[in-house]
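Work through the exercises below with the sequence and the structure at hand, and try each task before you read its solution.

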Amino acid sequence: MKEGSKKAISALCYFSLFFAPFLFPIAVYLIVDEPEVMEHAKRSFLSHLLPIIAVPLGIIIIFETQYHLVAIIISGLIFGTLTLIVMIWNIVKGIKVIAS
């Protein structure tokens, strides 16, 4: 596989957060035989899992505290910030892969 193709596929794994968060990295991991690309696919898949895990946790916290306003605000801030950090991290990693 050409170096440009490896970079493009690896970057798309990170950018897939916006169009196919789980499917694309899993497909790349299962189809491509390049260790470097597989590593990027695995990392991007794991980073895409964080917001999906965070949302149910926030909902559980809100239900368990019986819709207490402080719990809703804190859950929103914590899990919203986590999601934003993951999104920025994926964008930065995708750009770094292309630039390297």
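**Exercise 1.** In this predicted model, decide whether F45 is buried, partly exposed or exposed, and then describe the ring pair to which F45 belongs.

*Solution.* Begin with the relative accessible area of F45, which is 21%, so that F45 is partly exposed. The cut-off matters here, because a residue counts as buried only under 20%. Next, turn to the partner, F22, which counts as partly exposed at 26% relative accessibility. The ring centres of F22 and F45 are 5.9 Å apart and their planes stand at 75°, so the pair is edge-to-face. Finally, place the two residues: F22 lies in the loop between helix 1 and helix 2, whereas F45 lies in helix 3, so the pair ties together parts that are 23 residues apart in sequence.

**Exercise 2.** Find which residues are linked with K6 in a network of salt bridges, and say where each of them lies.

*Solution.* First look within helix 1, where K6 and E3 both lie, three residues apart, which is about one turn of the helix. The closest N and O atoms of this salt bridge are 3.6 Å apart. Then look beyond the helix: K6 also forms a salt bridge with E34, with the closest N and O atoms 3.7 Å apart. Since E34 lies in the loop between helix 2 and helix 3, while K6 lies in helix 1, the pair ties together parts that are 28 residues apart in sequence. Taken together, E3, K6 and E34 are linked in a network of salt bridges. As a last step, compare the accessibilities: K6 is buried, with a relative accessible area of 13%, whereas E3 is partly exposed at 42% and E34 is partly exposed at 23%.

**Exercise 3.** Describe helix 4 by its span, its buried residues and the nonpolar surface patch to which its residue I95 belongs.

*Solution.* Start with the span: helix 4 has 31 residues and reaches 44 Å from its first C-alpha to its last, close to the 45 Å expected at 1.5 Å a residue. Continue with the buried residues of helix 4, which are A71, S75, F79, V86, N90, K93, G94 and V97; what covers them includes helix 1 and helix 3. I95, by contrast, is found in helix 4 but counts as partly exposed, at 48% relative accessibility. To finish, note that I95 joins L12, F18, F19 and I91 in making a nonpolar surface patch of about 470 Å².

Technical notes: Residues are numbered from 1 along each chain as its sequence is written. This is a predicted model: local features need pLDDT of at least 70, side-chain atom pairs count only at pLDDT 80 or more; totals for chains, interfaces and linings use all residues. Side-chain values use heavy atoms; hydrogens and water are left out. Patches are made of residues with over 30% relative accessible area and no salt bridge: like charges are joined within 9 Å, nonpolar side chains (Val, Leu, Ile, Met, Phe, Trp, Tyr) within 5 Å. Accessible areas come from the Shrake-Rupley method with a 1.4 Å probe; for residues, only the protein chains shown count as cover. A salt bridge is a side-chain nitrogen of Lys or Arg within 4 Å of a carboxyl oxygen of Asp or Glu. Helices (H or I, at least four residues) and strands (E, at least two) are DSSP runs, numbered from the N terminus. Buried means under 20% relative accessible area, exposed over 50%, partly exposed in between (1.4 Å probe, protein chains only). The expected span of a helix is 1.5 Å times one less than its number of residues. Contact means heavy atoms within 4.5 Å. Rings of Phe, Tyr and Trp (its six-membered ring) pair if their centres lie within 6.5 Å; planes under 30 degrees apart count as stacked, over 60 as edge-to-face and the rest as tilted.
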